[in-house]
There are 2 protein chains.
Amino acid sequence: MTDSWATFGADLHLDLSTGRGLRAGLTEALREAARSGRLAAGTRLPSSRSLAVDLGIARNTVAEAYAELVAEGWLTARQGSGTRVAERARPRRTQAAAGAARARGPARRGPSYSLQPGSPDLSGFPRAAWLTAARRALTNAPNEAFGYAVDPRGRIELREALAGYLARARGVYADPERIVLCAGFVHGLTLLAGALRARRVREVAVEGYGLDIHRDLLAKAGLRTRPLGVDGDGARTGELGGRAGIGAVLLTPAHQFPTGAALTPARRAAAVDWARTTGGLILEDDYDGEFRYDRQPVGALQGLDPERVVYLGTASKSLAPGLRTGWMVVPAGLVEEVLAVKGLTDWTSSALEQLTLAEFITSGAYDRHVRGMRLRYRRRRDELVAAVGGRVGVSGIAAGLHAVLDLPEGVTERSVIQSGAWQDLALDGLSRHRHPEADLPPRAALVVGYGTPSDSAWAPTLAALSAVLP
Amino acid sequence: MTDSWATFGADLHLDLSTGRGLRAGLTEALREAARSGRLAAGTRLPSSRSLAVDLGIARNTVAEAYAELVAEGWLTARQGSGTRVAERARPRRTQAAAGAARARGPARRGPSYSLQPGSPDLSGFPRAAWLTAARRALTNAPNEAFGYAVDPRGRIELREALAGYLARARGVYADPERIVLCAGFVHGLTLLAGALRARRVREVAVEGYGLDIHRDLLAKAGLRTRPLGVDGDGARTGELGGRAGIGAVLLTPAHQFPTGAALTPARRAAAVDWARTTGGLILEDDYDGEFRYDRQPVGALQGLDPERVVYLGTASKSLAPGLRTGWMVVPAGLVEEVLAVKGLTDWTSSALEQLTLAEFITSGAYDRHVRGMRLRYRRRRDELVAAVGGRVGVSGIAAGLHAVLDLPEGVTERSVIQSGAWQDLALDGLSRHRHPEADLPPRAALVVGYGTPSDSAWAPTLAALSAVLP
């Protein structure tokens, strides 16, 4: 292979048009090549400099992709020996992972155990209660529910159920008239990005730590993201005032992702003041607002000014991402603009699914489910703190499904993540959530999604984590 | 109001950014103004010329919107008296329509009875069998099914079930690897339009008669549509050869919409020859391929050349549009390009819905349902022909859920549609499905969707139709 580096780039089947970003595309292609054996274990890769020249991209992009794959355990990097494909025991696969592997494509393959954040415990899905709701919904649905959607906002039954729930549980001012259903947060943010572009907004402030897929989505829609500082009080919304040209800000006020802080009242007020003064919009990502353990619920920011805040919620954390259901509560003046982007077709989940969720909420099953899961996650959180709290700093634990574990000085994220990979445990580092332009102090930490494992996998997963921590 | 015509355009709250087209937007705004009473009955509207000047649009656009609303019964046009808002009894509403009316937005409001094409009989949705399938799907689903989608093509279970069904029932070469699930035909066509644009295709041939929403969708994606002739043998695919620059053709081979012809073998061959010679793609819209009555099933065109034909199917006619489920069988070389457009998020219906449909198909319930509905529609078709066949020409009846009724000479579509509106019956004319640039002989006809009414509404609907025909 060493004599064919000239075609190595082409061999990677790099698709630079996917919008996933060069680094992500390159990382995926290399991972796939290592996984499939097309790059045999022990193979030495070209230097980042020469691959960069070969592909016509920045050397940093290649170096970062290599580093990520070293962190994941696919590659090894040793002084004097270059970067090589790791000798790697085929990880045991769970049944789910085997099913996933069968399905080709950009799948989330990998270790048997995972503490990567972003997923609820899927084994907790309330199958029986959901079926009961589905039966009632099917029995009671008017015939027209089976037809083409009449209202581009989604079924009125679900919007009414959500209005009641959000007002009660999250302090949201939620008239059903201004609720727009969507197929999850990403779909909602896509619609909002389109509406912002139509208003000729060019820049959106985001939290300095946050999800890269959200930043990438905004960038793809033509919106430049500008990072705010983040500290123990949440995003530094006071920085908004000093920046001209920003048309909106994306925030996670209830539980900053990933650092876990709750946005303080003063910073909430600062955000709303900025929006009122400049006419800007606040996009409130309330992804896990249901799960709060140690203190009074933190209400939604939207309640402070429903005309300046778009509230975004989702069933992905409280129930299951597979439902593809989310909701937006939109300022009255923005509803038509959002619907103009949403277009002719109703992309939300099926009418039956919407009616089932409406029934699930109004029957009280949703509250019961959330209560039960809250207990489960709280127990795990307590066990996590008990297991590792003496060795690492644990924060962001008052709410949600994940915690941040600060590593001792001298220990790198990469080394711990690599140890995890060799222990068949997928881990996530804080630094990958950092906005590339963010002005933040260095911080080596893990973002531990303790909601992710199934109940039966929780104990061995926690044991594996404990084993890899320094 | 007559002294304020200068602001009439603004008063209409015309949103020209919705992509629905100027005429559709203007029609909707005027209809809404008449419906809501904002334009009182008897109000005289400005001339089409002066409103066109006021809005800065073409006079024809205004004239066409007026004509459509006259046809629907919202406006009246009398020689010497100009165009006025009609004095109009509030139509009786079905329960469904009342529910729809409660939901604001671009709703399909209107008469109690409808023979407009495009919908199956929603009262025929197999609620009990669907619930059985949902129960099995919920019981058997692996936990990972509740998580984020692993494969951007959609659940493998449904793709496998569809591959078997489509091969058996429609003669489709349908490897699950090349099936991409989508949220109905419009979503599928949107994805394909994006993939075509990425290939730098600029022009797509369409049938001279076809759905305007499909043409509008293509236009919005930056693809110019070029009409083919349509006659009793279907679309004149031989015309493709003489036109340079066309990258794809959208066809309804099994049952031309709306004329109802089946594409002849010679014209199928001509389409495939064109595709092979030029590298073009055929997009096969098999919207009602399940419903065929009088002759041997007409297999899918895709079977002739799976590498040049994209097959698009949907549950919207065979089951219900409310499921938001469709499928594409894509040439192997195009799968990645389509997925690149589909993007990060899986916009298909929820995983549970996909698993339920998979179960519904593999258990045989889908075949049973289609058989039952075929008998129902066939009976209606026979009753339709018996009721009106002596007075008007009936064609396109060998298959599908609609027929074309040619009107006697001297009778206009508009007059019959208006009579229908006053009889509380919504009708659809053939001419509105005509491509604006199509070179087709004049033809006054109704497109009668006999699948649309519920079973209980069928008899009075047919009686109303009979009463309005000359």
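Is Arg155(A) buried or exposed, and at what relative accessibility? I looked this up before anything else, keeping in mind that the model is predicted. Arg155(A) has 13% relative accessibility and counts as buried, because the cut-off for that class is under 20%.

**Entry: the partner of Arg155(A).** I then checked what the side chain pairs with. Arg155(A) forms a salt bridge with Glu157(A), and the closest N and O atoms are 2.9 Å apart. Glu157(A) comes out at 24% relative accessibility and counts as partly exposed. I note that this pair joins a buried arginine to a partly exposed glutamate.

**Entry: other salt bridges.** I searched the whole structure and found 54 salt bridges over all chains. I looked at two further pairs in detail.

In chain A, I took Arg236(A) and Glu239(A), whose side chains meet in a salt bridge at 3.9 Å, N to O. Arg236(A) is partly exposed at 33% relative accessibility. Glu239(A) is also partly exposed, with a relative accessible area of 25%.

In chain B, I took Asp382(B) and Arg381(B), which form a salt bridge with the closest N and O atoms 2.9 Å apart. Asp382(B) is partly exposed, with a relative accessible area of 37%. Arg381(B) is buried, with a relative accessible area of 5%. I next looked for bridges that share partners, and one network joins Asp121(A), Arg376(A), Arg379(A), Arg380(A), Glu383(A) and Asp455(A).

**Entry: nonpolar core.** Which residues touch the most other members of the largest nonpolar core? I found that Leu465(A) and Leu465(B) do, in a core of 128 residues. In soluble globular proteins, nonpolar side chains tend to be buried together. I listed the contacts of Leu465(B), leaving aside its neighbours within four places in sequence. The leucines in contact with Leu465(B) are Leu115(B), Leu384(B), Leu405(B), Leu425(B), Leu427(B) and Leu446(B). The valines in contact with Leu465(B) are Val388(B) and Val448(B).

**Entry: cavities.** How many cavities of 30 Å³ or more does the structure hold? I counted four. Rolling a probe the size of a water molecule over the atoms shows where empty space is left. The largest cavity contains about 150 Å³ of space.

I then listed the residues that line the largest cavity. From chain A they are Trp130(A), Ala134(A), Leu138(A), Leu352(A), Glu353(A) and Thr356(A). From chain B they are Trp130(B), Ala134(B), Leu138(B), Leu352(B), Glu353(B) and Thr356(B). I traced the lining to its helices: α6 (127-140) and α13 (351-362) of chain A, and α6 (127-140) and α13 (351-362) of chain B, each supply at least two residues. By class, I have the lining down as eight nonpolar, two polar and two charged residues.

**Entry: Glu144(B).** I located Glu144(B) in the loop between α6 and α7 (156-170) of chain B. Glu144(B) has 16% relative accessibility and counts as buried. I also noted a pair distant in sequence: Glu144(B) and Ala351(B) are 207 residues apart along the chain, and their C-alpha atoms are separated by 9.8 Å.

**Entry: backbone geometry.** I checked for cis peptide bonds. One joins Phe257(A) and Pro258(A), with omega about 5°. Pro258(A) is in the loop between β9 (246-251) and α10 (265-278) of chain A. In chain B, the peptide bond from Phe257(B) to Pro258(B) is cis, with omega near 5°. I place Pro258(B) in the loop between β9 (246-251) and α10 (265-278) of chain B.

I also looked up positive phi values outside glycine. Arg324(A) has a phi of about 50°. Arg324(A) lies in the loop between α11 (315-318) and β12 (326-329) of chain A, and is buried with a relative accessible area of 8%. Asp424(A) has a phi near 70°. Asp424(A) is in the loop between α15 (413-422) and β15 (425-426) of chain A, and is buried with a relative accessible area of 7%.

**Entry: chain A overall.** I ended with totals. Chain A has 16 helices and 16 strands. Of its 470 residues, 59% are buried. Among contacts in chain A between residues at least 6 apart in sequence, I recorded that 72% join residues at least 24 apart.

Key. Residues are numbered from 1 along each chain as its sequence is written. Chains are lettered from A and ligands numbered from 1 in the order in which they are written. This is a predicted model: local features need pLDDT of at least 70, side-chain atom pairs count only at pLDDT 80 or more; totals for chains, interfaces and linings use all residues. Side-chain values use heavy atoms; hydrogens and water are left out. A nonpolar core is a set of buried Ala, Val, Leu, Ile, Met, Phe, Trp, Tyr and Cys residues joined through side-chain atoms within 4.5 Å. Buried means under 20% relative accessible area, exposed over 50%, partly exposed in between (1.4 Å probe, protein chains only). Contact means heavy atoms within 4.5 Å. On a 1 Å grid over the protein atoms alone, a cavity is a set of points where a 1.4 Å probe fits but cannot get out, and a pocket is an open set with protein on both sides within 12 Å along at least five of seven lines; lining residues have an atom within 4 Å of a point. Grid points are joined across faces, edges and corners, and a volume is the space filled by probe spheres set on the points. Helices (H or I, at least four residues) and strands (E, at least two) are DSSP runs, numbered from the N terminus. Ala, Val, Leu, Ile, Met, Phe, Trp, Tyr, Cys and Pro count as nonpolar, Asp, Glu, Lys and Arg as charged, and the others, Gly among them, as polar. A salt bridge is a side-chain nitrogen of Lys or Arg within 4 Å of a carboxyl oxygen of Asp or Glu.
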